[in-house]
Structures are given as structure tokens and as C-alpha cells.
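User: I am new to this structure and would like to understand the words used to describe it. Could you take me through them one at a time, setting each value against its definition?

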Amino acid sequence: MSTPIVVQSQTEEIRSPISPVSTTHTGFPPRPSFLSSSIKTSFHLKKWRWWNYLSIFTIVIILFELCILVTSYNLLQLETSPIRIVKRQYPIKTYTHLDTNIKSQIEKGTRVYHITKEFGPAVTSELGRTVTALAAAQQASNSTKVAIVMPFYTYLRRFITDKEIDMSLDIRGKRAGQIMNVEFRVWKMMHAFNPPVQAPSVYEWQMINNVNTSVLITPQIPPAPTDVVPVYMIGHANRRPFNQAFKCKSAQEIHTENELPIEWRDQYFAKAAATFLAHKATASDEESIFAPIRIVPRVDIVHIHGVSNAYVAKHLQDKKEADDLGPRPPAIVYSMYDHEEEVKYSNSVRNVRKFLDNLAERESLRKYVYDGKMFMSKLAMDRAEAVTFNSQTLAADVVEGRKDFRFKELVMDSLLKKVEGARFYGINNGVDYHSGEYPFITDKLVSKKLGYPKYALELIADKPAMYSTDPMHPLALDVPETPTYWTLSDRTKDFVSLFKDRAKRNLIKRNFFSEKDLKRPVVLFRGNFEMNKGLEVFEEAVEYFVKHDMRFVIMGGKRDYPFQALDALVKKYPQHVSIVSNGKEERRIGVLIRAAADFVLVPNPYDNQGTEAFEGMLFGSAVITTGAGSIHEAIIDRPLYQAGMRQVSVAYLDPTVVTELGAVVTSYEYFNGYVYDEEDSESLESAIVDAAKDFKRVRKNKALREEFVLRMIRGALNLGWDRGHYQGPVHEYNQVYELALEDRFIPEMQRHEVEQEHDLVSRLQDVEVDMDWE
């Protein structure tokens, strides 16, 4: 019995230097550590052969080729395949514009729905700015009732005022014959173009239904009815991937693609918008029970803006044929903005098919398909009652053969048919005053008691129009041959110049201006700091401003122009130059600076919009400019060598008392600008010197200064969307709407509908008789 014990002890003595005996989960003892270390050592000492390196190199090459293959495939999918189109010659037609001497007879209260991807707080292009300006001017004119239909971009959530309605539409699934019913919500936003500034919010606790509730007690000022429009925003759907539609964090992302392809997004919006319009055209829940049948229709005009919304016209046509648009279907107007790009816009047939309600429609759509893609501009032209371009000159050049563009064969047949039917017109844009900071109504000035007096508008409205009646020169101002007589008010508060001085005092209180700036001219540059915008002239111009004691304010956003160069001017001339480059500061005092400015500097030699120049004139500021670009016809240069000696005289009510109150100013002057040659430094100095001399003269006489300011505002108002006397782009669009409504197909009333109307009228008459009898 003792022998095994001795052996066990010897074994333990041998193992103890290595490790204690232990077992693994398999029941076997683990491999000794000296064996595992020897294996590792032999592995690391193993010599690699050439075929090992070759194998690794081959694997790397295969992976690299695979990456190239996948990338190339994705690029090929994105690349647009070439389109084969037979070149054709088209007959030259004569373009005939609208007769602007005839007042539009459109019924007051006509309901116009604008279909757009951009509007108001969601604007990134000229299209969005044009739609916003047009809607603002139309609503302000009070001739039509305007509404907007656009996507609900998620960053607009804070603007929502109410939920409009929950709706649904059908979309084809992946499997043959599969139909998906997706639901979406339409939100409502009341957009005020010039919202009133509200007093600071004050809340108090009140018991409501036995619940202590915080209640806003500060009176809220509602916007004027002519300054606000309803905006109906189509929300995303409840099924993937359409639940990703219109999701973005800012306006810069509204055209970017996410999980939802752009073509699907456009198709979804078009079908959802048409579904909503059908509801508005037939919604009986919004109609009074006492209203007779077939009174005012819910939707009169559907104005489609841009080719990405063109397919709305097709969906509306389908609903019209299905009698889903009520007894008076809306007329459709289609507007193009960038014709060369819009004619090339297309959707693949596969994507279009996904949103078709009836696959049998493919045959009727075949004429719009080239190489598997459906081009939308031609389709919208065929479905619309009228088509417009945003340029009258361009419309005339296209029709009369002077303007050629690529892929014109896609649309020219349809376009010439509209010309033959007098349903194609070019309408120039006006200068937008209503959707921006309009100095007569903007609450940013009115709330500070700095809003310009309405008396000035009445004075200008009584004066003959200065806008050109030549359709080829829409932004030109014609100089009258007779003088202008300004009968000034006998009240000081009716003078615009008074409020410009008040704006300067307000800026002095904010420590932005000094007391010197009350008596010296203020020159404003307003725009982004970009290359090729003429900002290089600042260094030279500032020297002349300092020499003639003028204050120069540079206001705008930082872009690619070196900001250090502008900042150096401020450091060198701190008493004469200021910069406002912070967005928050511009929102706080920007409108005050614009009201205080006596001149605006517009150095851009390639200015095609003229926004800064025209808006400067609207605030009563003369323009120092190169006069280049599209604004050259609107800028009337000052007569040379007459600075400080203008042909303006003042007749006072009492010659013994020199006062501007009630005075009559006779002016032979119509200039609104000081034009210089961008390549001639002497010309620039001459323009600045003349401006300084003219300001010095009018500063001494309040009547002369008021005439100077009124002259600038008059020129600006003659370039707006509504130019008074039923003239301007707003009234031209009203004429187009009137023509479109003439072509609107109205189904004949069925016999049972006639009987229903007669029965309802007779019952209403019986009620009136009974009430009279009582």
C-alpha cells in the first residue's frame, strides 16, 4: 500500500517546477507551455516562399478589381444614356403678346393654387423667389385668392398652424399586380409675408377644467388678410421608402437625395398634390348647406411651376376624366423658368409605371417616351390650358426662330400649338417688394414708428406711369417730357425724409452711427461678399468717400471674397467704414440701415437681377452703379456737370415763411442713378463727387430732399409686380388665367342635378316667404 504513495510524491516533485496539474473542460490535461512556445517559435521562424507572396498579391488584385467593378456599375447607373432625336425645322410664327391696355375681367375672388417645390422659408433658386413674389403681389392686389401646395420639409415643423387632412393614394409594389395603399397627411401653414412684430410673450396660470394651465395673455396682432396666404404642405407617407420623403434639416437640403430616389419623390408629390386638389375641388364639408348647387368652384386655377411638378397636370387630367374634380374642374397653367434645362427633365418609364393607376395608359403616354424615359415638359404643355415663360423676349425669340436650344424637338410641336391658339405668353418678373421688407408696411419699421408714410404712396399713385410699354424692354423707365409737380403735405409726419433721419437717430442710439452721420450722406452696399461682383472697387471708392466725408456701410454674408481686405478698410478708416457681416446683427439692424441710406453702391458689372439697386430705390436711395446688366434700362443717369444745380424749384404757400409744409415742388429731373465706367477711375470719382454735391444741396432744403426721395421711390414702384392702373406682371397673369378659364371644360348638367337645384331653390324661397309672413 505504501509503494503507490511514494510514486505519487515523486511525480509531484517532477511536475511542481512546471505547473500544477489541472484539467480542461474535456477532461484532458492542458498542453505544456514549453510545447506551445516551441510551436510559436517554429511558426515565426518559418520561411515564406514565393508562392505565399503571389497568393496574397493575387487576392489584393482581385479585391481591387471588384471595387472598380462595383463603382463603375454604380456610375453607369447614374449616367444618362444618350437620346437620339431627329433634327427638325419648324415654321416661324409671329409672337403676339397680351393686350395690356385691356383690363382683366377675371372674377374677383378667383381661387389660384400654386404648385411648387419652393416657397417662402424654403427657397434656394430663382423659381422659388419668383413664386413667392408672385403670390405676395397677387394676394396684395386682392383680385384673386391665393393658396400654395408644396412639400412638407421636416425643418418647417415649427411653422405648422394646423393639420388639414389625412389622405391616401395607391402605388404599385414590386410584385406584378401588387397595389400598396399609402397614407399621408397634409399640414397647413399660414404664411405672412410681412408678419407683425409681437409684444414680448407674457403667461399666467389659470384653472381650466380644474387643471392649472399656463395661458398666453399678451394680445397677438394678426397679419393683414392681404398679407397672408394658406400653404398646404404634403407630408411623407407611412410606408418605406416614402416615409423618407422631404426629410431635411435646412433649405439647402431640399433637393438632395436620401433613401427615397428623387424620381420617386417627384412622382409621389405629384400624385399626392393632385389627390389633395381633387379634395379641395369637391370638398362638401367646407360648403354651406344653404349654398345652391354649382356656386363658386373650390379650385379655379392650378398654376404649376417648374418641370419637376409637371406630372401633376397628368394626374389632374385623369381625375377630370373620372369626374373626381367636381362640376367645374380647374384650369391648368404651366410656367417654365429655365427652358433649356426643363426640356431635358425626365423620369424613367419604370418609375412612372409605379404610380400609374391604370397600366392601359401606357399607350397614350408613349409619345412622350424616348429611349425608356418620359419627358415631362411636353406632357404638361399638352395637358395645360395655357403655358408661360418667365421672359417675354425669350418667348418671342423661341417662337420667331431667333433662339435655338438643344432638344427643342421634344417640345416645339406642343409649344407651337399653344402659340396658334393664343395660349403661350412670356411674362417678365417684376421687382419683389411685398414679400420682403417693404418700408411702408414692414413691421420691423412700423413697430418702431419708422414706417414710411402712406401719403407718399398716394402722391406717387397720382403721377403718370414711367414704366416702358415696349414689351421688349420690360425694365425700362421712360422719361416724361413734362415736369412733375409734387404737392407736399402740410404735416411733417407725411415726409419720408423725416423717417430716414429717424432711422439714423435710432442707429446712433445703438452706437452704430455717430452724430456726424446725421448731416453727411450714407452709402450702403448690400449683398454677399463674392468674387466677380465688383467688390474690388471698394478700396478706391472708400478713398473718395473719405475725401468727401461720406459714411460707407458694407452689409452682407461672407463668401469667397477675402474678408481680410474688407476688414482692413474698417481698420484704416474707422470713422467712415463699417461692416455688418453677422446674420444676427443684419436681422437686428439691417432694415434700419437700409432706411437710413441715402445712396446704394451697386458695383456688380454682371448684375442680371438688379435686386439691390431696385430695393435701394424703394427705400429712397439713389444708385451709384456701373449700369451694367439688366438694370441699365431702369437706371436714368444724372445730367453731367450740373451737380448741385438741378432743375428743381420750390413754391411756398407763404413766400415770407420758408417752410416745406404745403409747398409745391416743380421738378424737371428724373434721374435716379450716378453711373460710372468700371474701367475708368475718374468716372467713379465723378459719380461720387456728383452724389455728394447733390446731397449737400438737398440737405439744406427739406422740400428739395423730399422730392429727391420721392423720385427714387417712384422709379422703383414703376418696376414692381403691380404697377398700378392695372398694369404689371400680376395683371398679365390675371389675363392668362382668364384665357385659361375660357378653355375650361364644364360638363353639362344632368337632369337629376337640374331637378335638385330647382328643388333646393324653391325650398329656400318657401323659407323666405314663411319668414316674411311671420
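User: Why is R88 called partly exposed?

Analyst: In this predicted model, local features need pLDDT of at least 70 and side-chain atom pairs count only at pLDDT 80 or more, while totals for chains, interfaces and linings use all residues. Residues are numbered from 1 along each chain as its sequence is written, and side-chain values use heavy atoms, with hydrogens and water left out. Buried means under 20% relative accessible area, exposed means over 50%, and partly exposed lies in between, with a 1.4 Å probe and protein chains only. R88 has a relative accessible area of 38%, so R88 is partly exposed.

User: What makes the contact of R88 and D413 a salt bridge?

Analyst: The term requires a side-chain nitrogen of Lys or Arg within 4 Å of a carboxyl oxygen of Asp or Glu. Between the side chains of R88 and D413 the N to O distance is 3.0 Å, and therefore the pair meets the definition. The two residues belong to distant parts of the chain, 325 residues apart: R88 is in the loop between α3 and β1 (110-115), and D413 is in helix α11 (residues 412-420). Helices (H or I, at least four residues) and strands (E, at least two) are DSSP runs, numbered from the N terminus. D413 is also partly exposed, because its relative accessibility is 28%.

User: Why can such side chains pair at all?

Analyst: Side chains of opposite charge can pair when their charged atoms come close. By the salt-bridge rule, the count comes to 39.

User: Is D494, which meets R491 in a salt bridge, buried or exposed, and how do you know?

Analyst: D494 has 8% relative accessibility, so D494 counts as buried, whereas R491, with a relative accessible area of 42%, is partly exposed. Their side chains meet in a salt bridge at 3.0 Å, N to O.

User: Which residues are linked with K444 in a network of salt bridges?

Analyst: The network of salt bridges links E437, K444, R526, R594 and E615. Within it, K444 forms a salt bridge with E437, the closest N and O atoms being 3.0 Å apart. K444 is partly exposed because its relative accessible area is 33%, and E437, at 23%, is partly exposed as well.

User: What makes β16 mostly covered, and how do you know that it pairs with β17?

Analyst: Strand β16 (residues 522-526) is mostly covered in that 4 of its 5 residues are buried. Two strands pair if DSSP finds at least two bridges between them, and β16 and strand β17 (residues 551-555) have 5 bridges in the parallel sense, so they pair. The chain crosses from β16 through helix α15 (residues 538-547) to β17 in a right-handed β-α-β crossover; right-handed means that, with the strands pointing away from the viewer, the path from the first strand over the helix to the second runs clockwise. In β17, the bridge partner of V522 is R551. Strand β19 (residues 599-602) runs parallel to β16 and is joined to it by 2 bridges, with V523 standing opposite F599.

User: Why is N210 called exposed, while N142 is called partly exposed?

Analyst: N210 has a relative accessible area of 75%, so N210 is exposed, and N142, with 41%, is partly exposed. N210 lies in the loop between β5 (203-208) and β6 (211-216), and N142 lies in the loop between α4 (126-141) and β2 (144-151).
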